[in-house]
Amino acid sequence: MQFTLRLNRAQAERFEKIQQELNVKSKSDVFDYLVTFASAKRDDQETLFFSLIDRLGEMIGKRLQHVETINQLHLALTDSFIKYAVSALPDVPAQLLDAARFRGTQIYERINITAAREFQRRRKSDAYEPSALGIDEDIEGLT
């Protein structure tokens, strides 16, 4: 294969300087070096880019696992609390059942509103940051 290159003066001077630094006689050797060097550099950058993407994917996966663990912990605690609360409730006589349901619904709504307010307060105070949740990990260990 044969190439004809048109270079401006600055490019020609750089080409000659590279030829002198490489200590080669042939311009083909310089061209081969430049093509090989440029493609190797591009391949290295591509490999680095894909490895960074892989590491980012791993970090996101680990963070999502932490969130899932916290969710499972909350579910287990809520389940245990509800089972305890139900086991501690006295039997309600039939004539008071409608009033007890109404009162229970009101209490349930107040609990949900209180929980929502507490959640908003905690979000504003950064209580849900990883360090506050105890899920900090060694970032250097991921590199």
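1. Asn23 lies in the loop between H1 and H2, and in this predicted model the residue is a convenient place to start reading. Its phi angle is near 60 degrees, which is a positive value in a residue other than glycine. Asn23 counts as exposed because its relative accessible area is 68%, and the cut-off for that word is over 50%.

2. Stepping back to the whole chain, the protein has four helices and zero strands, so that the pattern read along the sequence is α-α-α-α. Of its 143 residues, 5% count as buried, a word kept for residues under 20% relative accessible area.

3. Gln19 has its place in helix H1, and with a relative accessibility of 12% this residue counts as buried, because the value falls under the 20% cut-off. The side chain of Gln19 reaches the backbone oxygen of Lys25, at a distance of 2.7 Å.

4. Where does helix H2 have its N-terminal cap? The cap is Ser26, which places a side-chain oxygen 3.0 Å from the backbone nitrogen of Ser28. As for the span of H2, its 62 residues should cover 92 Å at 1.5 Å a residue, and since the C-alpha atoms at its ends are 91 Å apart, the expected and computed values agree.

5. A reader who wishes to look for empty space may turn to the second largest pocket, which holds about 230 Å³. Helix H1 (9-22) and helix H2 (27-88) are the elements that give two or more residues to its lining. Among the lining residues are Met1, Gln2, Phe3, Leu5 and Leu7, together with Ala12, Phe15 and Glu16, and also Lys27, Ser28 and Phe31. By character, the lining of this pocket divides into seven nonpolar, two polar and two charged residues. Ser28 therefore appears twice in this note, since its backbone nitrogen takes part in the cap of H2 and the residue also lines the second largest pocket.

6. The last point concerns aromatic rings, for which a pair is described by the distance of the centres and the angle of the planes. A search of the whole structure finds one aromatic pair, and its partners are Phe49 and Phe50, whose ring centres lie 5.6 Å apart with 65 degrees between the planes. The pair is called edge-to-face because the angle is over 60 degrees. Is Phe50 buried, partly exposed or exposed? Phe50 counts as partly exposed, because its relative accessibility is 47%, a value that falls between the cut-offs of 20% and 50%.

Technical notes
Residues are numbered from 1 along each chain as its sequence is written. This is a predicted model: local features need pLDDT of at least 70, side-chain atom pairs count only at pLDDT 80 or more; totals for chains, interfaces and linings use all residues. Side-chain values use heavy atoms; hydrogens and water are left out. Rings of Phe, Tyr and Trp (its six-membered ring) pair if their centres lie within 6.5 Å; planes under 30 degrees apart count as stacked, over 60 as edge-to-face and the rest as tilted. Buried means under 20% relative accessible area, exposed over 50%, partly exposed in between (1.4 Å probe, protein chains only). On a 1 Å grid over the protein atoms alone, a cavity is a set of points where a 1.4 Å probe fits but cannot get out, and a pocket is an open set with protein on both sides within 12 Å along at least five of seven lines; lining residues have an atom within 4 Å of a point. Grid points are joined across faces, edges and corners, and a volume is the space filled by probe spheres set on the points. Ala, Val, Leu, Ile, Met, Phe, Trp, Tyr, Cys and Pro count as nonpolar, Asp, Glu, Lys and Arg as charged, and the others, Gly among them, as polar. The expected span of a helix is 1.5 Å times one less than its number of residues. A polar contact is a pair of N or O atoms within 3.5 Å; within protein, one must be able to donate a hydrogen and the other to accept it, and residues adjacent in sequence count only if both atoms are side-chain atoms.
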